[in-house]
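Biologist: I am new to this structure and would like a close look at one part of it, the disulfides. Please take me through them one at a time, with their surroundings.

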Amino acid sequence: MEHLLSEKIKFILTATGTECISITLTGTSTNDIGFAVYQGCPGGGGICIGSGGPATSNILSGSVTLPAAGTYYIIIDSRSPSSSVSYNLLINSFGAGAFNDAPWQAQPLPFNIPIAGNNTCSGGADEPAQPACFLPAVGNVMNSIWFSFIAPASGCVKVKTVLGTLQNTQIALFGPVLGTIPAGSGNTLVPRNCNQDQPACGSNQYANSEFTASALSPGLTYYIMVDGFGNTTGSFSIYIIDGGIGCVNQFLLLPDRIVFPQSRFVKLPLILLIPDHRHLVHSVISQMV
């Protein structure tokens with residue numbers, strides 16, 4: 001969609017109860033763009049309950065918790081000197097939060113298949129302390145989610161993330177655990193490996209994460225924490241392979257980030273945004289990704 005900058009684009013939604021929503025702008029024609037969410041009418045006593053901006057690499061992703069049933073307003077605006085700004089808008093509901101927000105809720109990872117993840121609407125409860133490599137060292141907001149795997153006979157795995165709307169991942173490995181970690185015991189997990197950014201290759205710098213873990217105990221469970229740099233949230237993919245004896249196996253060729261084309265549409269269960277003075281409802285819509 002494209003709008004003149006003289007307009008502050010307003011969307012209205014009606015929530016039926018407390019829920020956490022993600023707001024994602026992709027393909028923005030400027031990074032100087034942001035959003036704000038108001039409980040009640042802006043300028044009429046409404047309270048700003050969340051905001052985000054600017055975009056990075058033409059992507060802006062954030063989350064806001066709607067505290068109660070009622071009417072909310074989403075404002076999108078920019079200070080760009082251009083005459084208009086274009087962007088793709090995606091709104092999604094995570095309900096009470098990310099389904100794999102704590103170690104005991106970890107999503108099992110299959111080997112050799114990239115799995116989609118999203119750390120939106122996540123927190124840092126029932127978890128170990130912030131891993132040593134995570135940045136910033138002071139002031140990092142833990143928006144982490146969890147995955148698990150059973151160590152293979154080789155005792156070696158390789159793990160890699162692919163960036164989506166989350167522009168900078170950081171990952172850590174914990175374990176081993178016999179069986180699964182129970183709720184309330186996340187802080188007992190023992191750190192094993194940690195990576196903030198994939199190693200540079202020549203002059204190329206990367207914001208996705210990658211590590212190799214060896215000497216693992218075959219048959220035992222290990223846990224992977226995925227977080228965003230600082231307070232960043234959004235989508236990504238995570239990929240694990242059996243490193244083999246001697247950790248000689250290599251990843252298949254994967255991109256370091258997901259590209260969001262402006263001409264492909266897919267059907268997704270999302271929240272339908274209707275601008276101006278209508279309501280936002282749950283529906284299935286065609287949404288650019």
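**The disulfides and their surroundings**

Modeller: The model is a predicted one, and I will come to the disulfides by way of a pocket, the second largest, to whose lining β5 (47–52) and β6 (59–66) each supply at least two residues. The space in this pocket amounts to about 460 Å³, and among its 22 lining residues S61, G62, N231, T232 and T233 lie closest to the centre. With 5 residues, β6 gives the largest share of the lining, which by class holds 15 polar and 7 nonpolar residues but no charged ones.

Turning to the cysteines, the count of disulfides is 3. One of them joins C20 to C121, with an S to S distance of 1.9 Å, and it links distant parts of the chain, since C20 sits in strand β3 (residues 19–26) while C121 sits in the loop between β11 (115–118) and β12 (145–150), 101 residues apart. The torsion about the S-S bond of C20 and C121 is about -85 degrees, so this disulfide is left-handed, and both C20 and C121 are buried.

Another disulfide is formed by C133 and C194, whose sulfur atoms are 1.9 Å apart. This link, with -80 degrees about the S-S bond, is left-handed, and because C133 belongs to the loop between β11 and β12 whereas C194 belongs to strand β15, the pair ties together parts that are 61 residues apart in sequence. C194 counts as partly exposed, at 32% relative accessibility.

The strand that carries C194 also has a place in an open sheet, in which 5 strands follow the order β10-β12-β17-β14-β15 with mixed pairing. Here β10 and β15 (191–195) are the edge strands, each pairing on one side only. The neighbour of β15 is strand β14 (residues 169–177), joined to it by 4 bridges and running antiparallel, and within this pair of strands A172 stands opposite C194.

The remaining disulfide to describe is that of C156 and C247, with sulfur atoms 2.1 Å apart, and with 130 degrees about the S-S bond it is right-handed. C156 lies in the loop between β12 and β13 (157–163) and C247 in the loop between β18 (235–242) and β19 (265–272), so this pair ties together parts 91 residues apart in sequence. C156 is buried, its relative accessible area being 1%.

Counting the bonded cysteines along the chain, the disulfides follow the pattern 1-2, 3-5, 4-6.

Methods:
Residues are numbered from 1 along each chain as its sequence is written. This is a predicted model: local features need pLDDT of at least 70, side-chain atom pairs count only at pLDDT 80 or more; totals for chains, interfaces and linings use all residues. Side-chain values use heavy atoms; hydrogens and water are left out. On a 1 Å grid over the protein atoms alone, a cavity is a set of points where a 1.4 Å probe fits but cannot get out, and a pocket is an open set with protein on both sides within 12 Å along at least five of seven lines; lining residues have an atom within 4 Å of a point. Grid points are joined across faces, edges and corners, and a volume is the space filled by probe spheres set on the points. Ala, Val, Leu, Ile, Met, Phe, Trp, Tyr, Cys and Pro count as nonpolar, Asp, Glu, Lys and Arg as charged, and the others, Gly among them, as polar. Two strands pair if DSSP finds at least two bridges between them. A disulfide is a pair of cysteine sulfur atoms within 2.5 Å. Buried means under 20% relative accessible area, exposed over 50%, partly exposed in between (1.4 Å probe, protein chains only).
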